[in-house]
Amino acid sequence: MKPIHILLACFLWAGVAQAQTTDVNHDSPADHTDLATEVKALREALQQTQKQMAAQQQEIETLKEDRAKTEQATSVASLHPPSMLDAAMHTAIPPSPGLASSSTSAAVSSPPATPPVSQEQTKEKERPLGSFNIGDAVFTPGGFVDFENIFRTTNTQNNIATNFAAIPYSNTAQGHLTEYRSTAQYSRFNVLVTDKVGANDVTGYCEADFSGNDANSVYQVVNGHTLRLRLCFLDLKRGKWEFLGGQTYSWLTPNRNGLGPMPADQATTYNEDQNFQVGLTFTRAAEFRVAYHANDHLAFGLAIEDPNQFIGNFVTLPSAFASTVSPQFDNGAQIGAPNLFPDIIPKIAYDTKLGGRHLHLEAVGLITGARSAVVPIGEKFFTSHSVVGGGGSIAGNYEIFHNFLLLLNAFWTEGGSHYLVSDGPQVVLRPNAAGTDIFPSMVHTGAGLAGLEWIASKKSAFAVYYGEDYFGRNFFPDTTNTAAPNTIIGYGGPGSPNTNNRVIQEFTFDWLQTFWKSDKYGALQYYTQYSYVNRAPWSIAPGAPRNAHLSMVYAGFRYVLPSTSGSLLRVPYPN
């Protein structure tokens, strides 16, 4: 029995004793009857009181248990993130020892205060999905896993990068053979690192795929494709200034907006071909650049980039000096060409709104050079000669209506073939009239591209492009050939081989379909590209085909990692 029950019983029995000691006639039967009745009534009253008190005590205990559960759930919810809340709510947690002495009304009206959000928790929420910290730097891995299928109507002997300049003619066996290839080598992996050092915003980015210099036996048994560096650079922004060093897309690659170096900033089409599209100017090479962002609309800067003295297998060299000068130029196999100076590339970009739609315009310059050295006939010492070429490009894009983009770019240079997938030579070697010495001479190069891109929905995107490359002829008689001094050498002359292309054209249609996309798990996408490519040489031998052409289809599936699915242009997303 509870102490309070004992106390009440004592008071009641004290009353009974007092009644029994009053001055009454104990011998009267009536008195005895009255006394018994009174004692019975008191006992019944005591029992009723005990029941009521027991019920009240039970109610108090129930309220205390409810209060303990409420405080326990509130505490768990404040300590665990939403993704862990369900599991936490089903975990048995012993009630706090202090709950038994706490007020029930306080438990209902005064829930525990929410702990303040720390600076680290705020940074955690702002951090990209899938990223992690090393010190204050944020590392974000990205990329995609790719399964690609390629079919071409002629045998180019290429994998996923089409050699536009070497499409076989119909008078060759390769011109009568189709080719099919399945590969995962376009799978790509990257890491983005961001940090703030004082007043400097620092970004590092590296990207690789598996389309490196494969062995001749790569398709035998294991398909051991080699890892390849695509991009790796460090970008630093301080106020209105921006500095970048590393391997990046050249500033001759058209931007979608501004001067940014990230892949999503480049207007490199939706194509799956690793050489993108005929008519597109680009390189991924070592570069250092300085840019100044005057305001939100205007930015300009200057870059130096790795050059390349390129002649490929296109140029016929002066016979007397061929063995000497051939190693001095990149002929498709020579990677140690003695370049004269870095390519110099200034660029200016302007972004604004026109009719409420984004408009991007840019102009880019190019200064390039080449040099050779020979011992002139009749002399004893080497003499070097150099030539400087250049040109530039203009490009832009305009959102005609929501998510429907028009893209244009035009390129004209002397010696700029390096920026057109090396589909023609940069330079030729011209002999003097006496045939005793030679001098480098640049080849005119031009290109243009027009395209329409339509992101029809968050899951579907379409694009069409037309591009064209042009390589000017630069030829002359070989005065160094004493046996046949009237032989035409250089590039594009009469009787030149059909590898000396005058023009290469490509029409392309792209369709990209995202089946499923999640900010947490990434995206699954199907893509297809159809292209028709045509090339025409400067000289056509009697009875030879006037051009070479093919159709090709790229089709495949791609899983894109979560951190990349919202930024790669190959996953349709609204701007």
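Tutor: Let's start with a term: a residue is called buried when its relative accessible area is under 20%, exposed when that area is over 50%, and partly exposed in between. Keep in mind that this is a predicted model.

Student: Thanks! Why is Pro263 called buried?

Tutor: Pro263 has a relative accessible area of 16%. The cut-off for buried is under 20%, so Pro263 counts as buried. You will find Pro263 in the loop between β7 and β8.

Student: Which residue is 56 positions from Pro263 in sequence, and what is the distance in space?

Tutor: That residue is Glu207, and the two C-alpha atoms are 9.7 Å apart.

Student: How many residues of the chain count as buried, as a percentage?

Tutor: Of the 575 residues, 43% count as buried. As for the surface, the chain exposes about 29200 Å², with 61% of this supplied by carbon and sulfur atoms.

Student: What makes Cys206 and Cys232 a disulfide?

Tutor: Their sulfur atoms are 2.0 Å apart. The rule asks for a pair of cysteine sulfur atoms within 2.5 Å, so this pair qualifies. By this rule the count comes to 1 disulfide. In general, a disulfide is a covalent bond between the sulfur atoms of two cysteines.

Student: Why can we say that this disulfide ties together parts that are apart in sequence?

Tutor: Look at where the two cysteines lie. Cys206 is in strand β5 (residues 200-209) and Cys232 is in strand β6 (residues 228-238), so the pair links parts that are 26 residues apart in sequence.

Student: Are the two cysteines buried or exposed?

Tutor: Neither word fits, because partly exposed is the class between 20% and 50%. Cys206 has a relative accessible area of 30%, so Cys206 is partly exposed. Cys232 has 29% and therefore is also partly exposed.

Student: How do you know that β5 and β6 pair?

Tutor: Two strands pair if there are at least two bridges between them. Here 9 bridges join β5 to β6, and the two strands run antiparallel. As one example, Val202 stands opposite Leu236 in β6.

Student: What other strand pairs with β6?

Tutor: Strand β7 (residues 241-249) pairs with β6 in the antiparallel sense over 7 bridges. Leu236 stands opposite Phe243 in β7. β6 and β7 form a hairpin with 2 residues between them, and Gly239 in the turn has a positive phi of about 65 degrees.

Student: Where does the pairing go from β7?

Tutor: To strand β8 (residues 284-293), which runs antiparallel to β7, with 9 bridges joining them. Glu242 has Ala291 in β8 as its bridge partner. Next, β8 pairs with strand β9 (residues 298-305) in the antiparallel sense over 7 bridges. There Glu287 has Glu305 in β9 as its bridge partner. A hairpin joins β8 to β9 through 4 residues.

Student: How many helices and strands does the chain have?

Tutor: The secondary structure comes to 6 helices and 22 strands.

Student: What makes the phi of Asn223 worth pointing out?

Tutor: Phi of Asn223 is near 50 degrees, which is a positive value in a residue other than glycine. Asn223 sits in the loop between β5 and β6. Its relative accessible area is 31%, so Asn223 is partly exposed.

Student: What about Ser422?

Tutor: Ser422 has a phi near 55 degrees, a positive value in a residue other than glycine. Ser422 lies in the loop between β13 (404-414) and β14 (427-431). With 22% relative accessibility, Ser422 is partly exposed, because buried needs a value under 20%.

Student: Which residues make the nonpolar surface patch?

Tutor: The patch of about 870 Å² is made by Val145, Phe147, Phe189, Phe515, Trp516, Tyr521, Leu524, Phe557 and Tyr559. At least two of the patch residues come from each of β2 (137-152), β20 (501-518) and β22 (548-560).

Student: Why can Tyr559 belong to a patch when Tyr559 is called partly exposed?

Tutor: Tyr559, in strand β22, has 31% relative accessibility and therefore counts as partly exposed. A patch residue needs over 30% relative accessible area, so the 31% of Tyr559 meets that cut-off.

How values were computed. Residues are numbered from 1 along each chain as its sequence is written. This is a predicted model: local features need pLDDT of at least 70, side-chain atom pairs count only at pLDDT 80 or more; totals for chains, interfaces and linings use all residues. Side-chain values use heavy atoms; hydrogens and water are left out. Buried means under 20% relative accessible area, exposed over 50%, partly exposed in between (1.4 Å probe, protein chains only). Patches are made of residues with over 30% relative accessible area and no salt bridge: like charges are joined within 9 Å, nonpolar side chains (Val, Leu, Ile, Met, Phe, Trp, Tyr) within 5 Å. Accessible areas come from the Shrake-Rupley method with a 1.4 Å probe; for residues, only the protein chains shown count as cover. A salt bridge is a side-chain nitrogen of Lys or Arg within 4 Å of a carboxyl oxygen of Asp or Glu.
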